[in-house]
Amino acid sequence: MFTNEDKVNLLQDTFLLAYKGSIDYSETLAILRSLVNSKMDQYVLWRTFEWHWENLGEIVDYLPNTIDKFRQFAIDQILLGTNLDEILTITSTDNHNTKYKKKRMFFS
Amino acid sequence: MATWLSFKPFGVYYQDWNMDLQALTEDAVPVMWDDAKPSSHPIVVQNVSSASAITSLFDSITYSKGASILRMLEKIAGSDRFQQGLREYLRENAFAAGDPTSFYNALFPDRAGAEFVRNWLEEQNYPLLTVKVTLENDSTAIHFSQSRFIISDALDPSGLDPNYRWKIPVLCNLGGPSATKTIDFTLETEHEIQDLDHETFSWIKCNQNFQGFFITNYLLPSDWSSFSSIISNQPNVTKFLFVEKIILFD
């Protein structure tokens, strides 16, 4: 129903609105989780998440007792339905998108 | 222009790389952060005279926002018209300093093209489009409003025009159990209402295909149960997400 551009748009809008305080981060994370659960197989979606998550990481780093949960949430999303070996292995069926996606998942 | 056109050869020779899609994560996503601050600047800056002032303009706003605005113009005008307009502009202005007015007007012959484009080039920041949906009996009213988006209330916006109004290309999809609809218009005022008499929908998604350089917030009426009941009556819905908006996935 939604194109990949639409999904990037929803992530972008909710991350920016939550940062400003216009909506709660639970809305943003709910969208992210639903995308992950529906096989978030496009590089651009992971890249959008990664960009905002890194941005937030610089702030979260200074909050007490938060960075571990913050890091664990990202790991949980990345490893849902896959594992580290799969991310680190390039197969003959991997294309430009999946290679790029694996790279982003590893760096995240 | 060079930044936006740099994606084009990949679209011809390596279609499966989907570089057109990556223009979002390379340019639009990061620069919308930079451009949401009072310290940003318009793409077109007048009266730049010193070398240091010129150097300071070689930044993400000039390149990434510039590419994102051109992407928006091409999405609205269509790829063929964009390419044809650019060819004619280059031919007419070969070996000279060109005035892009004719190019802008050629992109949008059905409206004041140059005025529309300059509206995005000559103002810093970008708008927040707020979409509020209200239901009454069997009809739907959609309230569209715009304001300047600044990323934090801690930043001082006093140097910015609070009454600036962008010409926002609003393109929304609505859907429901028995009907779908597209709303396509340009929001030029602070507020506009679209009444859909005798029509109801269970979801709405605006800024279709992330074509516009703006962000969207969605507000539901206080009575959320009315929307919940609409969504639960969707026969074809296998999964939905109900946040501060009515949106569906899959």
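Q: Among contacts in chain A between residues at least 6 apart in sequence, what percentage join residues at least 24 apart?
A: First, a caution: this is a predicted model. Contacts can be sorted by how far apart the partners sit in sequence. In chain A, 54% of the contacts between residues at least 6 apart join residues at least 24 apart.

Q: And what is that share in chain B?
A: Chain B gives 63%, again among contacts between residues at least 6 apart in sequence.

Q: How many helices and strands does chain A have?
A: Start with the element count, then read the order. Chain A comes to 6 helices and 0 strands. From the N terminus on, the run is α-α-α-α-α-α.

Q: How does the radius of gyration of chain A stand against the globule rule?
A: Set the radius beside the value the rule gives for the chain length. Chain A has a radius of gyration of 14 Å, and the rule gives 13 Å for 108 residues. The two are close, so chain A is as compact as a globular protein of that length. For its extent, the C-alpha trace spans about 45 × 35 × 20 Å along its principal axes.

Q: What share of the residues of chain A count as buried?
A: Of its 108 residues, 31% count as buried. In chain B, buried residues make up 30% of 250.

Q: How many helices and strands are there in chain B?
A: Chain B holds 9 helices and 9 strands.

Q: How many residues of each chain are in contact with the other?
A: Count each side on its own. Here 28 residues of chain A are in contact with 28 residues of chain B.

Q: Which elements of chain A give two or more residues to that side?
A: They are helix 1 (4-20), helix 2 (25-37), helix 3 (43-60) and helix 6 (96-107) of chain A. Helix 1 of chain A supplies the largest share, 11 residues. By class, this side of chain A has 11 nonpolar, 11 polar and 6 charged residues.

Q: At what angle do helix 3 and helix 5 of chain B pack?
A: Read the angle together with the axis distance. Helix 3 (residues 19-34) and helix 5 (residues 60-77) of chain B pack at about 120°, with axes 9 Å apart.

Q: Why are helix 3 and helix 5 of chain B called oblique?
A: Roughly perpendicular covers 65 to 115 degrees, and roughly antiparallel starts over 145. The angle of about 120° falls in neither range. Helix 3 and helix 5 of chain B are therefore oblique to each other. Their crossing is left-handed.

Q: Which residues meet there?
A: From helix 3 of chain B, they include Ala23(B), Asp27(B) and Val31(B). Among their counterparts in helix 5 of chain B are Ile61(B), Lys65(B) and Arg71(B). By class, this contact has 6 nonpolar, 3 polar and 4 charged residues.

Conventions. Residues numbered from 1 in each chain as written. Chains lettered and ligands numbered in written order. Predicted model: local features only at pLDDT ≥ 70, side-chain atom pairs only at ≥ 80, totals over all residues. Contact = placed C-beta atoms within 7 Å. Helix = DSSP H or I, 4+ residues; strand = E, 2+ residues; numbered from the N terminus. Nonpolar A, V, L, I, M, F, W, Y, C, P; charged D, E, K, R; others polar. Axes fitted to C-alpha atoms, helices over the stretch in contact; angles between N-to-C directions. Parallel < 35°, antiparallel > 145°, perpendicular 65-115°, else oblique. Left-handed = near helix turned anticlockwise from the far one by under 90°. Rg over C-alpha atoms; globule rule 2.2 N^0.38 Å. Buried ≥ 20, exposed ≤ 12 C-beta atoms within 10 Å, placed from the backbone.
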